[in-house]
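Reader: Hey, could you walk me through this one? I'd like to start with the ligand site.
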Amino acid sequence: MPPILDVRHYTKRFDMHVLNGKRINALTNVSFSLEPGEIVGLVGKSGSGKSTLMKSIYRTYLATSGAIYYQSLRYGPIDLVRATDHQIIALRRDEITYCSQFLSVIPRVSAADVVAEGLFRRGAGRTEAWHQSRDYLDRLGLPQELWDAYPSTFSGGEQQRINVARAIIARPRLLLIDEPTASLDQRTKDVVIDMIIALKAEGTSVLCISHDLYTLDRLADRRIELKDGHIVATTSPVS
Ligand SMILES: Nc1ncnc2c1ncn2[C@@H]1O[C@H](COP(=O)(O)OP(=O)(O)OP(=O)(O)O)[C@@H](O)[C@H]1O
């Protein structure tokens, strides 16, 4: 089976026009692939380029050069660098989910509805989405009195649980997830890890940024380390 994701010689440079054309080489000649059902941990110091790589795959950032081949259900092999905006929108709706570190809250939408929205987008019915979102929030230990409240006032850990639930509930083919367990207690961390492992068992491929060694040990089949925008090591948890 071909890799689900094949990043080839990817380079991303930021040209800072406001800073007299200062250039930041965020990623240089990055190549790696992700197999179907594989979980890869993306590690490296702050500023090494991890988020830039995820945002490049999700096409939030445009490439400076290189290619990112993705095996799509809908389109077959497609280069995410050159795909049309229309194709990217369809892939984001149906196949690829990006879960950032922070929840971008929508005013006056309840926690349960924010999570259920992940399912609506994939065409689920209202009742099914309603039940599933409450089940996820329950498993993630979000107090029931918060389910109908607006997440803008929630704590960092509560917002993170909503963010993770919204990403996972849609069962994407490719999940890009940034620090899913960073501000969670041990019990909730294990719940999130188990949810991601359950996704993997269904065939989801996962690229996961994490600084948390426990999370990486439990989750990652392999780790890719970035340093100053270059891949400097690829390791497995047991090596
Ligand atoms: N939109 C942007 N415009 C300009 N520079 C950027 C932009 N996004 C990232 N960078 C720069 O690219 C480099 C890589 O940043 P990136 O956010 O990818 O690092 P990271 O490894 O994810 O860090 P952290 O672990 O702190 O989140 C940094 O020097 C950063 O300042």
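Author: Sure. By class, the shell around the ligand has 3 nonpolar, 7 polar and 1 charged residues. Here Ala, Val, Leu, Ile, Met, Phe, Trp, Tyr, Cys and Pro count as nonpolar, Asp, Glu, Lys and Arg as charged, and the others, Gly among them, as polar.

Reader: Is this predicted or what, and how should I read the numbering?
Author: This is a predicted model, where local features need pLDDT of at least 70 and side-chain atom pairs count only at pLDDT 80 or more, while totals for chains, interfaces and linings use all residues. Residues are numbered from 1 along each chain as its sequence is written.

Reader: OK, what's the mean pLDDT of the chain?
Author: The mean is 91, and 98% of the residues reach 70 or more; pLDDT is the predictor's confidence in each residue, from 0 to 100. The model scores ipTM 0.97 and pTM 0.93.

Reader: Back to the site, which residues surround the ligand?
Author: Phe-14, Ile-24, Ala-26, Gly-44, Ser-46, Gly-47, Ser-48, Gly-49, Lys-50, Ser-51 and Thr-52. A residue is near the molecule if its C-beta atom, placed from the backbone, lies within 6 Å of it.

Reader: And which element gives the most to that shell?
Author: H1, with 3 residues. Strand E2 (22–34) and helix H1 (50–57) each supply at least two residues. Helices (H or I, at least four residues) and strands (E, at least two) are DSSP runs, numbered from the N terminus.

Reader: Switching topic: which residues are buried in H6?
Author: Val-192, Ile-193, Ile-196 and Leu-199. Buried means 20 or more other C-beta atoms within 10 Å of the residue's own, exposed means 12 or fewer, and partly exposed is in between, with C-beta atoms placed from the backbone.

Reader: Why do they line one face of the helix?
Author: Seen down the axis of H6, the buried residues fall within an arc of 115 degrees, so they line one face. The arc is that of the directions from the helix axis to the C-beta atoms. On the other side of H6, Gln-186, Arg-187, Ala-198 and Ala-201 are exposed.

Reader: Any odd backbone angles?
Author: His-9 in strand E1 (residues 5–16) has a positive phi near 50 degrees. Glu-179, in the loop between E7 and H6, also has a phi near 50 degrees, a positive value. Most residues other than glycine have a negative phi.

Reader: Is Glu-179 buried or exposed?
Author: Glu-179 counts as buried, with 21 C-beta neighbours inside 10 Å. His-9 is exposed, with 12 other C-beta atoms within 10 Å.
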